[in-house]
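Student: I would be grateful for a close look at a single part of this structure. Please explain how that part is placed among its surroundings.

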Amino acid sequence: MNGPRNRLWLALRIRDLPLSALEAAASGDEPLAVAENRTLVYSNRAAEAAGITRGMDTATAQLLGGCRILPRDRHREQQALEALRDQLYRFSPHIDIHHSRATAQSGLRLELSSCLRLFSGLQPLWQAVMAELAGRGHDTRWGLAHTPMGAWLLSFARHGISGDETPGCFIERLNRLPVQVLQDHPQAVAALLDMGFATLGDIARQIQSSALASFRKRLGGEFAAFIADLYDIDRDFAQGSLFTRPLATHVPEEIFHERVEFEHPASLVAHLQPAIETLLQRLADFLRTRQLACQRIRWQLADIHRRRETIEVRSDLPQHDWRLLYDLSIITFDNRPIPFEVDSLALDCIDPQPRRAASQRLDFAGEGKGGGDQRELPATLAKLKARLGEGAVHKVGYRDSLVPELSQAIVGLGERCLQQLPDAHRHSLRPAWLFSRPIAIAQRGQHLYWHGHLTLAVGPERLVGHWWEDPLARDYYLAQRSDNAVLWVYRDLRSGEWYVHGIFG
Amino acid sequence: MRPGSDTPKSLSLEQLLRRDDVWRGRVRRLATRPVVDTGHGELNAELLQGGWPLGALIEVCQPRFQGEWQLFLPALLAIHPGLILLLNPPAEPFSQALIQAGVDLDRLVVVKAAKKSLFIPSFTELARTAACGAMLAWQPEEPLGYTDLRKCLLAASEGAGLYAVFRPSAARRQSSPAPLRLLSQRVAAGLAITLFKQKGLLRQTQPKPLILPLPAPWRALPGHAALDGAAPGAGPDRAGKILAHPRGRP
């Protein structure tokens with residue numbers, strides 16, 4: 001196992017990240033700056049040539065050179081860094097993103113000691129990394145040290161990489177840095193300057209003479225811990241090297257995308273079935289080995305004329321097995337004609353999610369049929385949804401509202417239904433069937449007709465309210481029709497019209 | 001009939017039926033099949049097994065839709081656990097009424113399959129699912145034929161739930177493989193149920209309808225309906241000051 005003394009960190013500080021992350025189109029000589037809170041955090045060379053520098057306020061910058069100022073977007077900066085991290089993942093698995101708290105300086109830090117042999121030494125590895133970065137056109141500064149924070153700070157100094165650097169060499173380089181380089185600790189820097197500390201070497205000498213505790217006492221535990229990490233000083237253990245801090249390993253997001261090319265164009269679903277099955281089995285392998293599950297997959301059909309058709313298949317529950325996704329896919333394909341002769345079929349897994357461990361019944365007596373069948377229900381309902389449509393399978397629930405039709409909620413299968421009725425509804429007459437839209441009743445003289453003559457039997461129950469949206473004023477009755485059907489009817493007190501709203505089943 | 005017994009050569013049907021060893025169809029051996037209490041004592045007495053048969057197809061013929069919940073609600077509440085599936089219902093089940101009746105809405109699933117080509121596979125797949133405790137299905141616009149009902153019956157026989165399919169009254173005159181067929185019709189006094197086919201029961205006379213009385217809160221109270229006399233549909237003898245709220249009734 002490599003101890004902390006053998007570690008080698010390469011920090012890559014992307015100077016132009018605030019601008020490059022925005023992907024702003026501009027000619028090379030246009031002055032551009034990025035601002036946050038009305039203060040410039042980055043200016044390009046053309047802007048610097050016009051006297052526009054970082055830290056300047058935006059009004060001054062515009063007066064100086066007609067500089068175009070863009071707002072900073074931290075989210076896009078993070079996305080750009082993550083993309084860069086995935087790109088550099090091939091050089092080292094130990095790679096993290098570092099953001100400066102006080103300035104708009106961000107970058108990556110790679111631990112290289114475990115990868116030196118693979119790339120035949122530090123020099124070739126560094127050159128390969130820089131060649132990779134040059135391809136993306138970034139303005140990058142680098143630093144090399146035995147600690148990640150040391151490497152980051154040394155990226156503000158310019159040192160070449162020879163390949164035979166030692167921790168002593170790094171400490172010597174760090175010692176030469178001015179204390180102002182500790183920008184993320186402005187209060188500590190001010191205090192250090194007041195106390196007469198000019199370089200990090202002054203701090204190192206103070207630690208050697210009176211230990212780290214004096215800094216902890218005067219400048220706080222956080223700063224003391226920072227200095228300890230910077231110089232890799234063991235703080236808490238008599239034999240600190242025995243307690244190596246584990247390195248975090250970056251796991252890049254993996255996507256599933258597989259494609260099958262047909263030797264002959266396929267025009268029937270039956271011709272596609274073997275390819276669908278093969279691709280889904282590969283997806284199941286992918287999900288199983290990574291302990292993932294997915295709810296949505298996307299099929300892409302293409303032909304040699306570059307025509308494309310996308311078909312999305314969705315399951316209510318996350319799936320890690322291929323069988324249900326296969327059934328759903330076949331149903332979906334059957335429900336829509338294939339628009340052209342298919343030459344290639346691709347499968348994408350959308351939004352894979354961690355697989356949840358599910359408890360299973362121990363079946364010593366071999367009575368497994370019941371449990372297995374219970375698990376069939378989600379599959380059956382998913383198939384029905386694929387066949388009938390997303391809204392064709394649902395539950396009903398209660399929603400707190402005075403208006404009967406608004407109190408009726410359509411609830412998804414995975415959701416819980418609200419089943420608590422307020423007193424106003426708990427003891428009132430309510431029909432088992434409700435018409436989502438009340439149906440007008442014909443009125444002839446003093447008689448009501450809806451598929452027969454109606455006689456009011458019980459009521460009324462007056463519902464008045466909902467004044468803030470669509471005022472409601474109704475008198476509800478239970479009415480008996482001439483064929484003895486029992487209906488729920490109401491008279492709209494505002495218009496005087498009569499409506500049937502439900503049937504007592 | 002025992003062979004070799006001294007039976008005369010010409011026997012009338014009446015004479016044969018007097019014998020003890022003649023198969024009459026009405027045999028209690030089927031009573032071992034699982035059933036669920038209908039919640040209506042008179043109906044239980046009329047049904048061969050003493051309740052709604054499980055794992056079988058019940059065909060209910062009725063004009064439009066009326067009385068389904070009154071007929072099956074006690075059984076639906078008795079079936080637990082298991083989902084209550086409404087396949088192709090004629091309207092939305094009203095959550096307030098079902099909560100009042102004690103139905104767990106989390107167990108109630110509505111499946112809409114208006115075409116026969118979708119109805120049959122939906123019925124058969126749902127019926128074969130063990131999680132299906134009961135399924136009430138309404139015939140789609142395109143009428144179900146004998147073969148379609150046969151498919152539903154086979155699927156129902158593979159399950160262990162309560163399966164009922166509702167069809168129009170006119171379907172009574174058509175042949176059907178359903179082992180239990182009944183006619184349901186609202187009458188003034190309540191819901192009239194006529195069991196016109198039960199597998200294992202040979203009827204010699206026309207079945208008489210049973211009347212399941214209207215639930216008490218539905219019955220009109222004297223003088224309640226006429227209101228102020230201006231309300232249409234109120235009988236002339238019902239004029240008066242009303243506006244009694246149902247909540248206030250005992």
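**A helix and its neighbours**

Tutor: The part chosen here is helix α11 of chain A, whose buried residues pack against α6 (148–154), α7 (167–175), α8 (186–195), α9 and α10 (213–219) of chain A. The model is a predicted one. Helix α11 covers residues 221–231 of chain A, and the buried residues in α11(A) are A:F223, A:A224, A:F226, A:I227, A:A228, A:L230 and A:Y231.

One of the neighbours, α9, can be followed in detail. Two packed helices are described by the angle between their axes and the distance between the axes. Helix α9 (residues 200–210) of chain A packs on helix α11 at an angle of about 100°, and their axes are 12 Å apart. An angle from 65 to 115 degrees counts as roughly perpendicular, and α9(A) and α11(A) are therefore roughly perpendicular to each other. On the side of α9(A), the contact is made by A:L200, A:G201, A:I203, A:A204 and A:I207; on the side of α11(A), it is made by A:I227, A:L230 and A:Y231. These residues A:I227, A:L230 and A:Y231 also appear among the buried residues of α11(A).

An α-helix has 3.6 residues a turn, so residues three or four places apart point the same way. After α11(A) comes A:D232, whose phi is positive, near 60°.

The helix belongs to a chain with 16 helices and 21 strands. Chain A has 505 residues, of which 47% count as buried. Among the contacts in chain A with a separation of 6 or more, 58% are accounted for by residues 24 or more positions apart. The chain exposes about 26100 Å², and carbon and sulfur atoms supply 49% of that area.

For comparison, a pair of strands elsewhere in chain A may be considered. The rings of A:Y476 and A:W488 have centres 4.2 Å apart and planes at 25°, so the pair is stacked. A:Y476 lies in strand β19 (residues 472–481) and A:W488 in strand β20 (residues 486–492), so the pair ties together parts of chain A that are 12 residues apart in sequence. A:Y476 is buried, with a relative accessible area of 2%, and A:W488 is buried with a relative accessible area of 2%. Also in chain A, A:R474 lies over the face of A:Y490, at 4.4 Å from the ring centre.

How values were computed. Residues numbered from 1 in each chain as written. Chains lettered and ligands numbered in written order. Predicted model: local features only at pLDDT ≥ 70, side-chain atom pairs only at ≥ 80, totals over all residues. Heavy atoms only, no water. Phe/Tyr/Trp six-rings, centres within 6.5 Å; stacked < 30°, edge-to-face > 60°. Helix = DSSP H or I, 4+ residues; strand = E, 2+ residues; numbered from the N terminus. Buried < 20%, exposed > 50% of the residue type's maximum accessible area, 1.4 Å probe, protein only. Lys NZ or Arg CZ within 6 Å of the ring centre and 35° of its normal. Contact = heavy atoms within 4.5 Å. Areas by Shrake-Rupley, 256 points an atom, 1.4 Å probe, with all protein chains shown as cover. Axes fitted to C-alpha atoms, helices over the stretch in contact; angles between N-to-C directions. Parallel < 35°, antiparallel > 145°, perpendicular 65-115°, else oblique.
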